[in-house]
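Reader: I would like a close look at a single helix, along with where it sits in the whole protein. Please take it step by step.

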Amino acid sequence: MAAEIIDGKAIAAGLRERIGRETSAFVEQTGVTPHLAAVLVGDDPASAVYVRNKQRACEKAGIKSTLHRLDAATSQSELLLLVTRLNEDSDVHGILVQLPLPSQIDETAVLDAVSPLKDVDCFHPENVGLLSQGRPRFQPCTPAGCQHLLAESAVQTEGAHVVVLGRSEIVGKPMALLMVQKGKAANATVSICHSRTRDLPNVTRQADILIAALGRPEFVTGEMVKDGVVVIDVGINRTEDGKLVGDVEFTSVAAKASAITPVPGGVGPMTIAMLLQNTLTAARLQTSG
Ligand code: NDP
């Protein structure tokens, strides 16, 4: 049986439409327009594209967005000064610091400096703590996007064995946290794998749901999965000939899977939709006092 292709583009479009409607209702009720401030340091072309896409999506949903572009040689204290200014600006509800930052800047120090109420990426330790206790203030964008794809595709997660490949703070760890929580589209038994995991294929073959976030092009092959697995491919990798591929070898894995996300058009659009959702949540939190 051919695998169902989980259409992240269409699911994200539906979500963005709903957020757009909720945003206009919020503006009507409060007179406040949600505002996302994006900070881009340096001139990494991929980062510039990501920020532009996020800004466009904001505008379409009726969310104000402003871009603060800083030189690649910006010092940590200059960046921290900008973050403080944005924290104090009551017109700004969400702050996004686009990663990666240049090597002279301590990423953790900058992310920790973002006000927890404006932390729409859900990177601040206070927000990660709330998330791990099952009472999230914000949703971690990429993992929440993956979870939403599973929910929209009516994938049974309760009691399922979810194997997460990768343990980064941005994707792997929060992904595992979401899936293990009590509640809808969760209640799973979760394994987290990383570069020190022994006999990885033996673990991946046990997955009912496999979520790949390694940053290794086409790493997961058909032999590493069991029949009927649901596969969420978070990876975004560019091959030497300029093609965009995920962390999963699509053809061999799709031949065994019951459902799978494509790259592009899978998880990527969901990350942006969740960022919009978090910006609206931030505006609500700050407007209600
Ligand atoms: P990181 O590089 O921060 O983390 C990668 C993780 O994979 C690490 O935990 C690492 O283990 C593990 N890993 C790497 N190689 C292996 C291996 N051979 N076997 C087992 N584990 C391995 O990446 P991110 O989490 O930031 O991103 C992962 C991917 O997702 C990337 O392709 C990135 O571009 C993409 N991405 C996509 C997004 C989207 O919106 N679609 C958003 C964010 C990321 P260890 O910890 O031991 O080093």
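Author: In this predicted model, the protein is divided into two parts: domain 1 covers residues 32-117, and domain 2 covers residues 141-268. The centres of domain 1 and domain 2, taken over C-alpha atoms, are separated by 28 Å.

The helix to look at is α3, residues 76-88. Its 13 residues should span 18 Å at 1.5 Å a residue, and the end C-alpha atoms are indeed 18 Å apart, so the expected and the computed span agree.

Next come the side chains. Leu79, Leu82, Val83 and Leu86 of α3 are buried, each with under 20% relative accessible area. These residues lie on the same side of α3, because they cover an arc of only 100° around the axis. Turned away from that buried side is a face that carries Ser77, Leu81, Arg85 and Glu88, which are exposed.

What covers the buried residues of α3? The cover includes three strands, β2 (35-41), β3 (64-70) and β4 (94-97), and also the helix α4 (107-113).

One of these strands, β4, turns up again in the lining of the largest pocket, where it supplies at least two residues. So do α1 (8-30), α2 (45-60), α6 (141-152), β9 (237-238) and α10 (267-287). The largest share, nine residues, comes from α2. In total, 49 residues line this pocket, and those nearest its centre are Tyr50, Thr142, Ile236, Gly268 and Thr271. The space in the largest pocket comes to about 1400 Å³.

Note on methods. Residues numbered from 1 in each chain as written. Predicted model: local features only at pLDDT ≥ 70, side-chain atom pairs only at ≥ 80, totals over all residues. Heavy atoms only, no water. Domains from an automatic or database assignment. Helix = DSSP H or I, 4+ residues; strand = E, 2+ residues; numbered from the N terminus. Expected span 1.5 Å × (residues − 1). Buried < 20%, exposed > 50% of the residue type's maximum accessible area, 1.4 Å probe, protein only. Arc of directions from axis to C-beta. Contact = heavy atoms within 4.5 Å. 1 Å grid on protein atoms, 1.4 Å probe; cavity = no way out; pocket = protein on both sides within 12 Å on 5 of 7 lines; lining within 4 Å. Points joined across faces, edges and corners; volume = space filled by probe spheres on them.
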